[in-house]
Amino acid sequence: MGYHIDLKSISIDKYKEVLKSTNLIPSRMILKENTSNNLDIIKSHNIQNLEVLQKTLRDKNKLQELSKKFGISVRFLEVLRVEINGYLRKPNRIKDFSCIDEGIVLGLEKLGLKNTMKLYEEVLTKEKRNELSNKTGISKKDIMQLTKLTDLSRIRWVNHTFAYVLLEAGYDTVEKVANADYMQMYEVIKKLNEERKIYNAHIGANDMKLCIQSAKS
């Protein structure tokens with residue numbers, strides 16, 4: 001199990017169904033238009049899975065050329081590129097978690113563990129967590145907190161602040177988020193933030209739907 005979703009494992013046919021069932025933000029709703037036809041065209045150019053498609057769309061300066069080649073609008077390809085790249089979101093930096101002591105951050109940075117993706121492999125099993133604790137002197141309790149924040153950071157759109165919010169709200173693993181009821185999660189997190197003022201942004205019930213949807217994937 002890797003930090004990111006294995007794009008190679010998602011075929012173009014499977015991705016058709018994903019897009020059809022996905023709740024997209026308004027700026028990406030174009031992906032709901034001619035979805036099957038456009039992805040069939042892409043597949044016909046020997047693009048069999050999302051890994052190949054992501055690499056094909058990587059250079060945004062070539063989208064005009066690809067648009068002519070595929071007969072698909074540049075806008076559709078632009079949004080498709082952004083949507084797929086979202087599966088490979090940048091990891092959260094350990095130092096950005098306000099709940100992590102500076103000494104712990106410095107200890108991890110000495111080992112080159114500056115972000116959640118680098119930390120992921122070091123906390124994946126109980127044995128590795130114990131080894132990291134012994135190596136750094138970080139308590140097992142703090143290592144477990146880091147492990148949970150790292151796991152939550154794998155969810156699309158979950159930044160360092162929201163990972164902490166999920167942790168404090170009791171949704172402290174990807175699995176718990178994936179199995180959550182979105183309205184219940186919304187109410188729990190709303191109440192938590194009203195009491196503790198952790199973030200200023202508006203996070204609505206639909207955002208919880210997207211978060212859960214991403215965790216399921």
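1. Asn46, written N46 here, counts as exposed because its relative accessibility is 62%, and the cut-off for exposed is over 50%. In this predicted model, N46 sits in the loop between α2 (35–44) and α3 (50–56). Its backbone deserves a second look, since N46 has a positive phi of about 65° although it is not a glycine. As background, most residues other than glycine have a negative phi.

2. K197 can be read alongside N46. Its phi is near 50°, again a positive value in a residue other than glycine, and K197 belongs to the loop between α12 and α13. With a relative accessible area of 64%, K197 is exposed, because the class begins over 50%.

3. On the chain as a whole, what does the secondary structure come to? It comes to 13 helices and zero strands, so that a reader who follows the elements from the N terminus on meets α at every step. The C-alpha trace spans about 55 × 40 × 25 Å along its principal axes. Of the 217 residues of the chain, 41% count as buried. Among contacts between residues at least 6 apart in sequence, 60% join residues at least 24 apart.

4. One example of two residues distant along the chain is the pair Y3 and I155, which are 152 residues apart in sequence, while their C-alpha atoms are separated by 9.6 Å. Y3 is found in the segment before α1 (12–21). Is Y3 buried or exposed? Y3 counts as buried because its relative accessibility is 7%, and the limit for buried is under 20%. Leaving aside neighbours within four places in sequence, Y3 is in contact with P91, N92, T116, M117, Y120, T150, S153 and R154.

5. One of those partners, T116, merits a paragraph of its own. T116 lies in helix α7 (residues 116–120), and T116 counts as buried because its relative accessibility is 0%. The side chains of T116 and Y3 are joined by a polar contact of 2.7 Å. When neighbours within four places in sequence are set aside, T116 is in contact with Y3, P91, N92, I94, F97, T150 and S153. Reading the two contact lists together, P91, N92, T150 and S153 appear for Y3 and also for T116.

6. The nonpolar interior comes next. In soluble globular proteins, nonpolar side chains tend to be buried together. Here the largest nonpolar core has 38 residues, of which L108, L166, V177, M185 and I189 touch the most other members. Two or more residues of this core come from each of α6 (102–110), α9, α10 (160–168), α11 (174–178), α12 (182–196) and α13, and the largest share, six residues, comes from α10.

7. M185 offers a way to look into that core from one side chain's position. Not counting residues up to four places away in sequence, M185 touches L166, Y171, V177, A180, M208, C211 and I212. Apart from the largest core lies another, of 24 residues, and among them are L57, V79, L80 and Y87.

8. Empty space is the next topic. Rolling a probe the size of a water molecule over the atoms shows where empty space is left. The largest pocket holds about 400 Å³ of space. Of the 22 residues that line this pocket, the closest to its centre are G2, Y3, D151, R154 and V174, so Y3, already met in point 4 as a buried residue, belongs to this group as well. By class, the lining has 10 nonpolar, seven polar and five charged residues.

9. Which helices each supply at least two residues of the lining of the largest pocket? They are α9 (140–152) and α13 (205–216), and α9 gives the most, with three residues. Both helices also appear among the elements that give two or more residues to the largest nonpolar core.

10. The closing point concerns enclosed space. A search of the whole structure finds one cavity of 30 Å³ or more, and about 30 Å³ of space lies in the largest cavity. Its lining is made up of T22, N23, L24, I25, R28, E83 and W157, which divide into three nonpolar, two polar and two charged residues.

Methods
Residues are numbered from 1 along each chain as its sequence is written. This is a predicted model: local features need pLDDT of at least 70, side-chain atom pairs count only at pLDDT 80 or more; totals for chains, interfaces and linings use all residues. Side-chain values use heavy atoms; hydrogens and water are left out. On a 1 Å grid over the protein atoms alone, a cavity is a set of points where a 1.4 Å probe fits but cannot get out, and a pocket is an open set with protein on both sides within 12 Å along at least five of seven lines; lining residues have an atom within 4 Å of a point. Grid points are joined across faces, edges and corners, and a volume is the space filled by probe spheres set on the points. Helices (H or I, at least four residues) and strands (E, at least two) are DSSP runs, numbered from the N terminus. Ala, Val, Leu, Ile, Met, Phe, Trp, Tyr, Cys and Pro count as nonpolar, Asp, Glu, Lys and Arg as charged, and the others, Gly among them, as polar. A nonpolar core is a set of buried Ala, Val, Leu, Ile, Met, Phe, Trp, Tyr and Cys residues joined through side-chain atoms within 4.5 Å. Buried means under 20% relative accessible area, exposed over 50%, partly exposed in between (1.4 Å probe, protein chains only). Contact means heavy atoms within 4.5 Å. A polar contact is a pair of N or O atoms within 3.5 Å; within protein, one must be able to donate a hydrogen and the other to accept it, and residues adjacent in sequence count only if both atoms are side-chain atoms.
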